[in-house]
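Me: I'd like to go through this one with you. Can you pull it up?

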Amino acid sequence: MASQLIKYSCVVSFLLTIWFCLPWDNVLIAYAPIIAIVLLGIYAVLSVLHGVATFNDCEYAKVSLQEEIKEARIDLAMKNLVKLD
């Protein structure tokens, strides 16, 4: 089974081979790799922003975590490792 690096390397080498075989008279073809990298960066930024904007609050998880923290503090206080406030 091939790793992801090998798979992506094959795809990139295939695309680079096609790119080198194209006539370089057109400016779009000459700058295609740079344009692709810029578009990929824009897509990555927009994906992260969308994920942050649609992130759900988990009230139950928040309450559960706060209860676990209280229990841990009480347990540590019983073992004389910390002092309760």
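Me: How many helices and strands does the protein have?
Reply: Four helices and zero strands, in the order α-α-α-α along the sequence. Helices are DSSP runs of H or I with at least four residues, strands are runs of E with at least two, and numbering starts at the N terminus.

Me: Before I go on, what am I looking at?
Reply: A predicted model, where local features need pLDDT of at least 70, side-chain atom pairs count only at pLDDT 80 or more, and totals for chains, interfaces and linings use all residues. Residues are numbered from 1 along each chain as its sequence is written, and side-chain values use heavy atoms, with hydrogens and water left out.

Me: What radius of gyration does the protein have, against a compact globule of 85 residues?
Reply: The protein has 26 Å, where such a globule would be near 12 Å. The radius is taken over C-alpha atoms, and the globule rule is 2.2 Å times the number of residues to the power 0.38. Along the principal axes, the C-alpha trace spans about 75 × 35 × 20 Å.

Me: And how much of the protein is buried?
Reply: Buried residues are 4% of the 85. Buried means under 20% relative accessible area, exposed over 50%, and partly exposed in between, with a 1.4 Å probe and protein chains only.

Me: Which residues does UniProt annotate as "transmembrane region"?
Reply: The unreviewed entry gives 5-22 and 28-46. UniProt positions follow the numbering used here, feature names are shortened, and annotations may be inferred rather than shown by experiment.

Me: What do those two spans look like in the model?
Reply: Residues 5-22 are 94% helix and 0% strand, with end C-alpha atoms 26 Å apart. For residues 28-46 the helix share is 95%, again with 0% strand, and the end C-alpha atoms are 24 Å apart.

Me: Switching to side chains. How many aromatic pairs turn up in the whole structure?
Reply: One. Trp19 and Phe20 form a tilted pair, 5.0 Å centre to centre with 45° between the planes. Ring centres must lie within 6.5 Å, using the six-membered ring for Trp; planes under 30 degrees apart are stacked, over 60 edge-to-face, and the rest tilted.

Me: Is Trp19 buried or exposed?
Reply: Trp19 counts as buried because its relative accessibility is 15%. Phe20 is exposed at 55%.

Me: Last one: where is Asn80?
Reply: In the segment after helix H4 (59-78). Asn80 has a positive phi, near 60°, in a residue other than glycine. Asn80 is also exposed, with a relative accessible area of 67%.
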